[in-house]
Amino acid sequence: MNDDDDYLAALFADEDDDEPDEREEPVHAVTFPAFEPHRRYGKKFADTWWGNAWTESMEDTALDREQLRKGRAHAFAGYVGPITVSQGRVSASVHDGDHTHPFSTVVRLAQVTDAGWDRFLDQAARRAGHVAALLDRDMPRELVTAAADAGVRLLPGFDDLDPDCACPDWNSPCRHAAALSYQVSWLLDRDPFVLLLVRGRGEAELMAELHRRNAGAAAVGGTAEVGVPAAEVWSATPAPLPEPPGPLLAPPLRLAPLLADVEMVSPVDDRALAVLAADAARRAADLLAGKGFTAADPWSDAVRLAALAHEVLDNAEAVVATAAAASGRPSEFPLAVDAETHPGRQ
């Protein structure tokens, strides 16, 4: 941990108690000591995605980019005093280099309604991982998305931040409000509960509400628990297998034409292979239809395949001649193939 991390840890020393205390009064305001000058508390302003959402909300509505540049310089120079974070606003005294002449500066953000908090807490209570991430000072994108789906907007969007300053500058934001906003992004990087406090609820209050919801859900049936005990899974009776498929109603796909153009690297006759593939597909279709299959002798197999070659191939004579030569009875082979092809012919 470097010196900057030590300093930030000291800022949040009173905020690191993760156990909710239901007897504790809700915290409606927290004041953080001023950041030391000329120190960078991250690679840039807002290292986290939620901190960037804060600065982008401020920058996107800026009327004068020069005021943003001066605001960054003021933030780095330590011209911002202690920052007070409370419901709906952050405030500090910001000066231009003379701490005896500060300006009272405020950035406001609308609070979430009570009904909105109920919806947000219901969403958070359903996902223990989201609560654990918050306690680890992380804000999951999924939690923000789930809250938005419930009608609760946590992160500020375009024109949501409302800066106000006692200085005579008419720009919005002025350099003082910009400096305050940039330093608030450092606080948000360290603890997303800062954002939730600005939205209206402090960490202790939120965690107590989540604790009550989980306890209530467990009391009415354990709905807050996720998953099934392993012992219950292993002791359960296996579910029955599904019923076998019914008869094949559609005609089998003719695979031979699909394989006829395949170039074979080995000395296998691709036309003969196409016939074998078509025969395998037809036999599989017969099995699915419940017709069964009885193994035949080599002579009957050769005759059947030769008849199939006439059906699925153009110019099948070469394949049939090869089968006839291998059958051992070449003179009888043409008549046998003709009988297989036309079983009703006398």
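# Reading the terms used for this model

Author: Val337 has its place in helix H15, which covers residues 333-341, and the model in which it is seen is a predicted one.

Reader: What makes Val337 buried or exposed?

Author: The relative accessible area of Val337 is 4%, and buried means under 20%, so Val337 counts as buried. Leaving aside the neighbours within four places in sequence, Val337 is in contact with Val303, Ala306, Ala307 and His310. The C-alpha atom of Val337 is also separated by 9.5 Å from that of Ser300, although the two residues are 37 residues apart along the chain.

Reader: Why are H13 and H15 called roughly perpendicular to each other?

Author: The axes of helix H13, residues 298-312, and H15 cross at roughly 65° and come within 9 Å. Angles of 65 to 115 degrees count as roughly perpendicular, and the pair is therefore given that description. The crossing in which H13 passes H15 is right-handed.

Reader: Which residues of H13 and H15 meet?

Author: From H13 come Trp299, Ala302, Val303, Arg304, Ala306, Ala307 and His310, and from H15 come Phe333, Ala336, Val337, Glu340 and Thr341. Sorted by class, this contact has 8 nonpolar, 2 polar and 2 charged residues.

Reader: Why are H3 and H7 described as oblique to each other?

Author: Helix H3, residues 65-77, and helix H7, residues 175-190, have axes that come within 7 Å and cross at roughly 55°. That angle is not under 35 degrees, nor over 145, nor in the range of 65 to 115, and the rest count as oblique, so H3 and H7 are oblique to each other. Their crossing is right-handed. On the H3 side the contact is made by Gln67, Leu68, Lys70, Gly71, Arg72, His74, Ala75 and Phe76, and on the H7 side by Arg175, His176, Ala178, Ala179, Tyr182, Gln183 and Trp186. These residues divide into 7 nonpolar, 5 polar and 3 charged.

Reader: How do you know that Cys165 and Cys174 are in no disulfide?

Author: A search of the whole structure finds 0 disulfides. For Cys165 the nearest cysteine sulfur is that of Cys167, 3.6 Å away, whereas a disulfide needs the two sulfur atoms within 2.5 Å. For Cys174 the nearest cysteine sulfur is also that of Cys167, at 3.8 Å, and the conclusion is again that Cys174 is in no disulfide. Both residues are buried, Cys165 with a relative accessible area of 17% and Cys174 with one of 4%.

Reader: What makes the peptide bond from Ser172 to Pro173 cis or trans?

Author: Its omega is near 0°, and the bond is cis. Pro173 lies in the loop between strand S5, residues 162-165, and H7. Most peptide bonds are trans.

Reader: What is the phi of Arg137, and where does Arg137 lie?

Author: Arg137 has a positive phi of about 65° although it is not a glycine, and it lies in the loop between helix H5, residues 128-135, and helix H6, residues 141-149. Most residues other than glycine have a negative phi. With a relative accessible area of 10%, set against a limit of under 20%, Arg137 is therefore buried.

Reader: Why does Asp159 count as buried or exposed?

Author: The relative accessibility of Asp159 is 52%, and exposed means over 50%, so Asp159 counts as exposed. Asp159 is found in the loop between H6 and S5, and its phi, near 70°, is a positive value in a residue other than glycine.

Terms used:
Residues numbered from 1 in each chain as written. Predicted model: local features only at pLDDT ≥ 70, side-chain atom pairs only at ≥ 80, totals over all residues. Heavy atoms only, no water. Axes fitted to C-alpha atoms, helices over the stretch in contact; angles between N-to-C directions. Helix = DSSP H or I, 4+ residues; strand = E, 2+ residues; numbered from the N terminus. Left-handed = near helix turned anticlockwise from the far one by under 90°. Contact = heavy atoms within 4.5 Å. Nonpolar A, V, L, I, M, F, W, Y, C, P; charged D, E, K, R; others polar. Buried < 20%, exposed > 50% of the residue type's maximum accessible area, 1.4 Å probe, protein only.
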